[in-house]
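Work through the exercises below with the model open. Each task is followed by a solution in steps.

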Amino acid sequence: MVPMSESESTVPSTGIVLAATPLGNIGDASARLAQALGAADVIAAEDTRRTRQLAAALGVELEAKVVSNFDHNEKLRVDELIDAARTRMVLVVTDAGMPLVSDPGHVVVSAAHDAGVNVTCVPGPSAVTTALALSGLNVGHFIFDGFAPRKAGPRRAWLVTLKDQHRAVCFFESPHRIGATLADAAEVLGGERRAAVCRELTKTFEEVKRASLSELAQWAADGLRGEITVVIEGGAPEVLDAADLVDAVAARVDAGERLKDVVKDIARAHGVKAGDLYDEALAQRDRG
């Protein structure tokens, strides 16, 4: 291993430092994370007990003041942390993975930027990128949607927005809702669309199951154990020709837009030749 230079190994003495923590395997902790834990003046932790356990596992003796910073108190904590960060180093960590990615941290980082307080990051593990890499799906372009909606109605409405989404989608789900979510996804998006369910990433019982949504829904019908990240492959682009688009052209022309402008706009959006679409629109108009 190439040793870090002095400039690479140091962490700032003031400001907000975000640090990614292991998802499960302690071996994924970076040298910079250990250094930041030891150098921090204040540590804002999602769970103070777990952060102390992490430090102990890494052989780091904490000298920092460790305070809780979680979903229900981070707005109350923000002024205290920003004041401290003006003259000291405030380390922000969550239970696992990167702060802000469906975890606390956004409030203090946003406030730090507004206040002109320096913000930097000790990068590291993330369930999102780990699941994307392990999925074996086409994830060159993707979106991350946090946690799937809890209730059936909003969840199905969310899935409808993904029906024509050409990018892969990654999201978190709870063990007892995963079966229902996959069943809804199979119904709304089509049972043949491929997906991967990633469970207990980097931990002893890590499991990645890749199959169609129908197969995955059946597999997970009784629920799963552990922390779950799902990746669903994007839908295939709909192939349209000029004849499929003439009604859309006519509707906009009837609303008062110029035919040539509408044809140019719609042809560009759908990847068809403007001349072909123009001819089809004229033919339809001639047919009455």
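**Exercise 1. Domains**

Task: State into which domains the chain of this predicted model is divided, and how far apart the centres of domain 1 and domain 3 are.

Solution. Step 1: The assignment gives domain 1 as 15-125, domain 2 as 128-232 and domain 3 as 245-286. Step 2: Taken over C-alpha atoms, the centres of domain 1 and domain 3 are separated by 55 Å.

**Exercise 2. Overall form**

Task: Find how many helices and strands the chain has, then decide whether the chain is more spread out or less spread out than a compact globule.

Solution. Step 1: There are 12 helices and 10 strands in the chain. Step 2: For 288 residues the globule rule gives 19 Å, and the radius of gyration of the chain is 25 Å, well over that value, so the chain is more spread out than a compact globule. Step 3: Along the principal axes, the C-alpha atoms fill a box of roughly 80 × 45 × 40 Å.

**Exercise 3. Burial, contacts and charge**

Task: Describe the chain by its buried share, its contacts, its exposed area and its charges.

Solution. Step 1: Buried residues make up 43% of the 288 in the chain. Step 2: Take the contacts between residues at least 6 apart in sequence; 72% of these join residues at least 24 apart. Step 3: The exposed area is about 15500 Å², of which carbon and sulfur atoms supply 49%. Step 4: The chain has 31 positive and 41 negative charges, and the mean positions of the two sets are 2 Å apart.

**Exercise 4. An arginine in a helix**

Task: Locate R155 and determine whether R155 is buried or exposed.

Solution. Step 1: R155 belongs to helix α7, residues 152-161. Step 2: The relative accessible area of R155 is 5%. Buried means under 20%, so R155 is buried. Step 3: With neighbours within four places in sequence left aside, the contacts of R155 are P149, R150, R177, A180, T181 and D184.

**Exercise 5. A glutamate in a loop**

Task: Which class of exposure does E257 have, and which residues does E257 contact beyond its neighbours within four places in sequence?

Solution. Step 1: E257 sits in the loop between α10 (242-254) and α11 (259-270). Step 2: Its relative accessible area is 37%. The partly exposed class lies between the 20% and 50% cut-offs, so E257 is partly exposed. Step 3: Beyond those sequence neighbours, E257 is in contact with R252 and V262. Step 4: K65 is 192 residues from E257 along the chain, and their C-alpha atoms are 64 Å apart.

Definitions and conventions
Residues numbered from 1 in each chain as written. Predicted model: local features only at pLDDT ≥ 70, side-chain atom pairs only at ≥ 80, totals over all residues. Heavy atoms only, no water. Helix = DSSP H or I, 4+ residues; strand = E, 2+ residues; numbered from the N terminus. Rg over C-alpha atoms; globule rule 2.2 N^0.38 Å. Buried < 20%, exposed > 50% of the residue type's maximum accessible area, 1.4 Å probe, protein only. Contact = heavy atoms within 4.5 Å. Areas by Shrake-Rupley, 256 points an atom, 1.4 Å probe, with all protein chains shown as cover. Lys, Arg positive; Asp, Glu negative; His and termini not counted. Charge placed at Lys NZ, Arg CZ, Asp CG, Glu CD. Domains from an automatic or database assignment.
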